[in-house]
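User: Please take a close look at how one part of this protein is packed, and connect it to what surrounds it. Give cut-offs as you go.

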Amino acid sequence: MNAAAIAAMRRKFITIAMASFAMVILFTGGMSALANQHSLRLQTSHVLDLIIQNDGTLPNPSSQPHKMSATDIFDGIFTETAYAARYFSVLYDKHGKVSQVNVSRIATVDEQEAIRYAGAAVEAYSKSLTVSLLDLGIADTFYYRVAHLDGGETLAAFLDCSFQMQVNREVGFNTIFICLFGLAGSFVLVLVLSKRAIRPEIENARKQKQFITNASHELKTPLSVIRANTEVIEMLQGESEWTKSTMAQVDRMDGLVQNLVMIARSAEHEDRGAMSEIDVSKVIVDTVGPYRAMARQEQKELVCNVAPDVLMVAEASAIQQLCTLLVDNAIKYCDPEGTVEVELSQPKRGKVTLVVKNSFAQGKKAEFNRYFERFYRDDEAHSDAGGYGIGLSVAESICTRYGGTIRATWKGGMAIFTCQLRSA
């Protein structure tokens, strides 16, 4: 994993961590707000019940102790509630006419306003439009309840909850502020800790790349000695089965070393200053050209469908390497007398699509999702084709470097490799 992949993993971790924390904060804050609202409605329902039970008046506990019971005391604050509650009530007789208006315990509402509020409440209650949890209705800052009494009368009781609503709003605003502050603090904390967490991974990636580079250089010396000694033996004793086998294995090892160097270099960042707007169409045509002779020699058809004047900001050598890897892979694993197709298009400026196809009858059984793993080879399809299982992995790293993707699919007897690239 290179530094860019580690940085991308860090960003993904930060995003997931912050999204998870935000969801927890929102859930906790929402549940807190619902709990406060439910508590307010529960207390309000209790007080309105007492007003209705006492025919529109909240009793004074000291003057009417016989009216009180264990259920009248709500968390030990009934006495304070009786003195502090601001309410009014309107009583209708069995014919629907106002028979009593009690506004003695509220200064902000007169009798006319009380009758107006009560009329709207009774009408809404009869239509069940505003009746909600605990059979309470809301009108401005008043909670109300409408009850039908035994004598056919109707009583509408209203309790002013403006203070409690204001408190709940302030608690809500404070909760939002604390949540936002917590999210900001968490983001800073996650940012710092994630940077420290990935530091060993970056160091490991650096050491791994250095090891591959050093090992590749160290392997070149013994391979050169083995090649030279084998050539001397052939000069003195002539070519034999054993020297031919030795030279073949030396060539194979030399190819493997070169691929290891390619892996190490593919993980490095490109010099952005070396990039410029290039004609991708020309690069692809020039790269595919030399492979036509190879395809004809193997009795395979190579078709090139390249859209003209496809431009993007990139390094020409990287695009050339990507095309080389895909075309070489396609010719190598194409069915006998099959077809290899190379297509280049530009859906919109700054984005380029490169597609390389080859005939592959056995592709239905292939594990295309594993083709980009290093050193992976499908034994059934690739047993006689040679290769090291590295090329497609390098191709994937080039696509990733340009903010794109590469995927392998199979359709209609063709193995299809599709690359999406973006300007650097």
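Analyst: **Helix packing and cores**

T175 is partly exposed, with a relative accessible area of 22% (partly exposed runs between buried, under 20%, and exposed, over 50%, with a 1.4 Å probe and protein chains only). The model is predicted: local features need pLDDT of at least 70, side-chain atom pairs count only at pLDDT 80 or more, and totals for chains, interfaces and linings use all residues. Numbering starts from 1 along each chain as its sequence is written, and side-chain values use heavy atoms, with hydrogens and water left out.

T175 sits in helix α4, residues 162–237 (helices are DSSP runs of H or I with at least four residues, strands runs of E with at least two, numbered from the N terminus). Its C-alpha lies 6.6 Å from that of G29, yet the two residues are 146 positions apart in sequence.

Take the chain as a whole. The protein chain has ten helices and twelve strands. Of its 424 residues, 36% count as buried. Among contacts in the protein chain with a separation of 6 or more, 66% join residues 24 or more positions apart (a contact is heavy atoms within 4.5 Å).

Another threonine, T44, belongs to helix α1, residues 3–53. T44 counts as buried because its relative accessibility is 2%. Leaving out residues up to four places away in sequence, T44 touches L136, Y143, L159 and C161.

Now the cores. In soluble globular proteins, nonpolar side chains tend to be buried together. Here a nonpolar core means a set of buried Ala, Val, Leu, Ile, Met, Phe, Trp, Tyr and Cys residues joined through side-chain atoms within 4.5 Å. The largest one has 46 residues, and V280, I284, I319, L322, L326 and L354 touch the most other members. Helix α8, residues 316–333, supplies the largest share of this core, with nine residues. Apart from this core lies another, of 18 residues, including L40, I52, Y143 and L159. Y143 and L159 are also partners of T44.

Back to L322. Its partners, not counting residues up to four places away in sequence, are L354, A395, I398, C399, C419 and L421.

Which helix packs on α8 at about 45°? Helix α6, residues 280–288, does, with the axes 9 Å apart. Axes are lines fitted to C-alpha atoms, for helices over the stretch in contact, and angles run from 0 to 180 degrees between N-to-C directions. The two helices are therefore oblique to each other (under 35 degrees is roughly parallel, over 145 roughly antiparallel, 65 to 115 roughly perpendicular, and the rest oblique). The crossing of α6 past α8 is right-handed, meaning the near helix is turned clockwise from the far one by less than a right angle; anticlockwise would be left-handed.

From α6, V280, V283, I284, T287 and V288 meet A316, I319, Q320, C323, T324 and V327 of α8. This contact divides into eight nonpolar residues, three polar and no charged (Ala, Val, Leu, Ile, Met, Phe, Trp, Tyr, Cys and Pro count as nonpolar, Asp, Glu, Lys and Arg as charged, the others, Gly among them, as polar).

Beyond α8, a loop leads to β9 (339–348), and E337 is found there. E337 has a positive phi of about 60° although it is not a glycine. E337 counts as exposed, at 63% relative accessibility.

D140 also has a positive phi, near 55°, in a residue other than glycine. D140 lies in the loop between β3 (137–139) and β4 (142–148). D140 is exposed, with a relative accessible area of 56%.
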